[in-house]
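Good morning, and thank you for coming. I should like to take you through one structure, beginning with its enclosed space and ending with its charged pairs.

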Amino acid sequence: MEKAVLKKEVENMLKDLPDDADWDDVMYKIYVRQSIEQGLKDSEAGRTVSHEEIKKKYKLAE
């Protein structure tokens, strides 16, 4: 992501936080956002496992 775009995204994230937010709230928001973006990249690259494969792997009821 381009630095200018990243900076704007961070600014928007901070604006959405409540006035009484602390560092943990900021870090959590960043963590969630980064996790979602990584998941989308993995999905686009085909690095996924189907629901059926997970059920088989963990021997879950069908």
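**Spaces, helix and salt bridges**

The structure, which is a predicted model, holds one cavity of 30 Å³ or more. The volume of the largest cavity is about 30 Å³. Which residues line the largest cavity? They are Val-10, Met-13, Leu-14, Leu-17, Val-26, Lys-29 and Ile-30. By character, this lining comprises six nonpolar residues, no polar ones and one charged. Helices α1 and α2 each contribute at least two residues to the lining of the largest cavity.

Let me turn to the pocket. The largest pocket contains about 260 Å³ of space. Its lining consists of Met-1, Leu-6, Glu-9, Val-10, Met-13, Ile-30, Arg-33, Gln-34, Glu-37, Gln-38 and Lys-41. Here the residues divide into five nonpolar, two polar and four charged. Helix α1, residues 3-16, and helix α2 each supply at least two residues of this lining. The largest share, six residues, comes from α2. Val-10, Met-13 and Ile-30 are among the residues that line the largest pocket, and they are also among those that line the largest cavity.

Helix α2 deserves a closer look. It runs over residues 23-44. Does its length agree or disagree with what is expected of its 22 residues? At 1.5 Å a residue, α2 should span 32 Å, and its end C-alpha atoms are 32 Å apart, so the two values agree. At the start of α2, a side-chain oxygen of Asp-22 comes to within 3.1 Å of the backbone nitrogen of Asp-24. After α2 comes Gly-46, with a positive phi near 80 degrees.

I come now to the charged side chains. Side chains of opposite charge can pair when their charged atoms come close. How many salt bridges does the count come to? It comes to five salt bridges, and I shall describe some of them.

One of them joins the side chains of Glu-37 and Arg-33, at 2.8 Å from N to O. Both residues lie in α2, four residues apart, about one turn of the helix. An α-helix has 3.6 residues a turn, so residues three or four places apart point the same way. Glu-37 is partly exposed, with a relative accessible area of 26%, and Arg-33 is likewise partly exposed, at 29%. Both Glu-37 and Arg-33 belong to the lining of the largest pocket.

Another salt bridge links the side chains of Asp-42 and Arg-47, at 2.7 Å from N to O. Asp-42 is partly exposed, with 22% relative accessibility, whereas Arg-47 is exposed, with a relative accessible area of 51%.

A further salt bridge is formed by Lys-55 and Glu-52, whose closest N and O atoms are 3.7 Å apart. Is Lys-55 buried or exposed? Lys-55 is buried, because its relative accessible area is 15% and buried means under 20%. Glu-52, by contrast, is partly exposed, at 42%. These two residues are three apart in helix α3, residues 51-57, which means that they are separated by about one helical turn.

Finally, salt bridges that share partners join Glu-9, Arg-33 and Glu-37 into one network. The members of that network, Glu-9, Arg-33 and Glu-37, are also found in the lining of the largest pocket. Thank you for your attention.

Technical notes:
Residues numbered from 1 in each chain as written. Predicted model: local features only at pLDDT ≥ 70, side-chain atom pairs only at ≥ 80, totals over all residues. Heavy atoms only, no water. Salt bridge = Lys/Arg side-chain N within 4 Å of Asp/Glu carboxyl O. Buried < 20%, exposed > 50% of the residue type's maximum accessible area, 1.4 Å probe, protein only. 1 Å grid on protein atoms, 1.4 Å probe; cavity = no way out; pocket = protein on both sides within 12 Å on 5 of 7 lines; lining within 4 Å. Points joined across faces, edges and corners; volume = space filled by probe spheres on them. Nonpolar A, V, L, I, M, F, W, Y, C, P; charged D, E, K, R; others polar. Expected span 1.5 Å × (residues − 1). Polar contact = N/O pair within 3.5 Å; in protein donor to acceptor, adjacent residues only side chain to side chain.
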